[in-house]
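This report is for a reader new to the structure shown below. Please keep the sequence and the model in view while reading.

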Amino acid sequence: MRYAIIGTGAIGGFYGGRLARAGSDVHFLLHTDYGYVCEHGLRVDSCDGSFVIEHPQVYSSAEAMPRCDVAIVALKTTANGQLPRLLAPVLTERTLVVLIQNGIGVEADVEAALPGVQLAAGLAFVCSTKTGPGHIEHTSNGAINIGNYSCRDASLMASLLADLTAAGIKAATVDYAEARWKKAVWNMPFNGLASVLGLTTDRIIASPSGLRLVRALMGEVVGAARACGVAAIDGSFAERMVQMTRRMPPYSPSMKVDCDLGRPMEIQYLYTRPIEEARRAGFAMGRMEVLEAQLRAIEECRG
């Protein structure tokens with residue numbers, strides 16, 4: 001299958017690089033790194049084995065890209081207004097668009113912007129950071145779950161899973177809503193707290209007060225998920241996320257990186273949208289509302 005990677009950063013560079021190394025036909029869209037990667041290749045320093053794609057198929061504009069079977073979107077949701085333009089050149093009636101993005105409600109809004117497109121959610125459990133031009137550092141985890149949102153072609157999903165597995169990536173298909181809310185159990189506490197407190201994940205949970213706050217916030221996400229009809233998530237899953245984080249090396253979640261660099265934060269889909277959906281289901285996420293307000297204040301104060 002032919003793949004388009006829309007956003008060759010920490011996530012797109014990692015998964016796209018792994019697919020390309022395994023022999024898949026992968027086409028990467030880059031912006032500022034285009035010239036560097038043309039000359040030096042795409043480098044992934046990984047805890048599972050480092051590698052360089054010396055001559056990746058790279059493009060500085062989506063219009064130059066070929067039609068693809070799967071388009072993996074690894075942009076921040078703050079750039080989703082550009083998706084109709086960026087995806088149009090690579091789409092066919094059959095193309096599956098996999099959104100490896102954070103938050104709740106992402107697929108519904110992309111579907112509204114691109115009626116009829118086949119969509120799936122990519123829920124990545126990976127510690128990966130872009131450390132320089134064309135340079136990705138992968139320090140922990142790497143699994144990805146794929147939740148079918150509107151894909152009508154079962155063979156596409158099966159081929160995607162087979163290619164990911166062949167690339168050495170632990171991949172599985174999961175229930176869409178369950179997968180989105182499970183990812184939120186980790187994302188909502190740690191992205192927001194790391195940004196507001198200015199701390200990496202290890203320092204947050206090393207503090208007794210920080211750990212209590214993480215558990216309280218995770219419990220609130222579990223309650224929201226269950227109110228929204230996702231019965232498969234409970235307190236034991238939240239505790240597994242805490243223990244997984246204990247085993248991770250020190251990590252700055254993507255929102256903290258954006259906050260530190262003065263870039264827009266993904267507040268809408270990571271906080272505002274899930275809070276609204278929970279409220280409609282009769283569940284109030286009071287602590288998350290405070291965290292959302294703090295994040296909004298940070299953005300408003302820096303203009």
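Which residue in E10 is the bridge partner of Ile-146? The partner of Ile-146 is Thr-173. The structure is a predicted model, and the sections below take up its strands, helices and aromatic rings in turn.

## Strand E9 and its partners

Ile-146 and Thr-173 belong to a pairing between E9 and strand E10, the latter made of residues 171–174. These two strands run in the parallel sense, and 4 bridges hold the pairing.

E9 covers residues 135–148 and also pairs with strand E3, residues 42–46. That pairing is parallel and has 4 bridges. Here Asp-45 has Glu-137 of E9 as its bridge partner. A third pairing joins E9 to strand E8, residues 118–132, through 12 bridges. E8 and E9 run antiparallel, and Val-126 stands opposite Asn-141 of E9. The hairpin of E8 and E9 has 2 residues between the strands, and Gly-134 in this hairpin has a positive phi near 60°.

## Asn-141

Asn-141, found in strand E9, has a phi near 60°, which is positive although the residue is not a glycine. Most residues other than glycine have a negative phi.

Is Asn-141 buried, partly exposed or exposed? The relative accessibility of Asn-141 is 34%, so the residue counts as partly exposed. Burial in this report means a relative accessible area under 20%, while exposed means over 50%.

## Strand E1

Strand E1 spans residues 2–6 and is mostly covered, with 4 of its 5 residues buried. E1 pairs in the parallel sense with strand E2, residues 25–29, and the two share 5 bridges. Across this pairing, Ile-5 stands opposite Phe-28 of E2.

## Helix H1 and an aromatic pair

Helix H1 takes in residues 10–21, 12 residues in total. From its first C-alpha to its last H1 reaches 16 Å, close to the 16 Å expected at 1.5 Å a residue. Of the 12 residues of H1, 9 are buried, so the helix is largely enclosed by the rest of the structure. Among the buried residues of H1 are Ala-10, Gly-12, Arg-18 and Leu-19. Gly-23 follows H1 and has a positive phi, near 105°.

The structure holds 3 aromatic pairs. One of them is formed by Phe-14 and Tyr-15, whose ring centres are 4.9 Å apart and whose planes meet at 70°. Planes over 60 degrees apart count as edge-to-face, and the pair of Phe-14 and Tyr-15 is therefore edge-to-face. Both Phe-14 and Tyr-15 are buried, and both are in H1.

## Helix H6

Helix H6 runs over residues 176–197 and has 22 residues. H6 reaches 31 Å from its first C-alpha to its last, close to the 32 Å expected at 1.5 Å a residue. At Ala-184 the helix bends by about 35°. Why is H6 described as largely enclosed by the rest of the structure? The reason is that 18 of its 22 residues are buried.

At the start of H6, a side-chain oxygen of Asp-175 comes to within 3.4 Å of the backbone nitrogen of Ala-177. Just after H6, Gly-198 has a positive phi of about 70°. Lys-183 lies over the face of Phe-125, at 5.5 Å from the ring centre.

## Pro-56 and Arg-296

Pro-56 is placed in the loop between strand E4, residues 51–53, and strand E5, residues 57–59. With a relative accessibility of 14%, Pro-56 counts as buried. Pro-56 and Ile-146 are 90 residues apart along the chain, and their C-alpha atoms are separated by 25 Å.

Arg-296 is found in helix H12, which covers residues 286–301. At 28% relative accessibility, Arg-296 counts as partly exposed. What distance separates the C-alpha atoms of Arg-296 and Gln-268? The separation is 9.8 Å, for two residues that are 28 residues apart along the chain.

Key. Residues are numbered from 1 along each chain as its sequence is written. This is a predicted model: local features need pLDDT of at least 70, side-chain atom pairs count only at pLDDT 80 or more; totals for chains, interfaces and linings use all residues. Side-chain values use heavy atoms; hydrogens and water are left out. Rings of Phe, Tyr and Trp (its six-membered ring) pair if their centres lie within 6.5 Å; planes under 30 degrees apart count as stacked, over 60 as edge-to-face and the rest as tilted. Buried means under 20% relative accessible area, exposed over 50%, partly exposed in between (1.4 Å probe, protein chains only). A charge sits over a ring if NZ of Lys or CZ of Arg is within 6 Å of the ring centre and within 35 degrees of the ring normal. The expected span of a helix is 1.5 Å times one less than its number of residues. The bend at a residue is the angle between axes fitted to the seven residues ending there and the seven starting there. A polar contact is a pair of N or O atoms within 3.5 Å; within protein, one must be able to donate a hydrogen and the other to accept it, and residues adjacent in sequence count only if both atoms are side-chain atoms. Two strands pair if DSSP finds at least two bridges between them.
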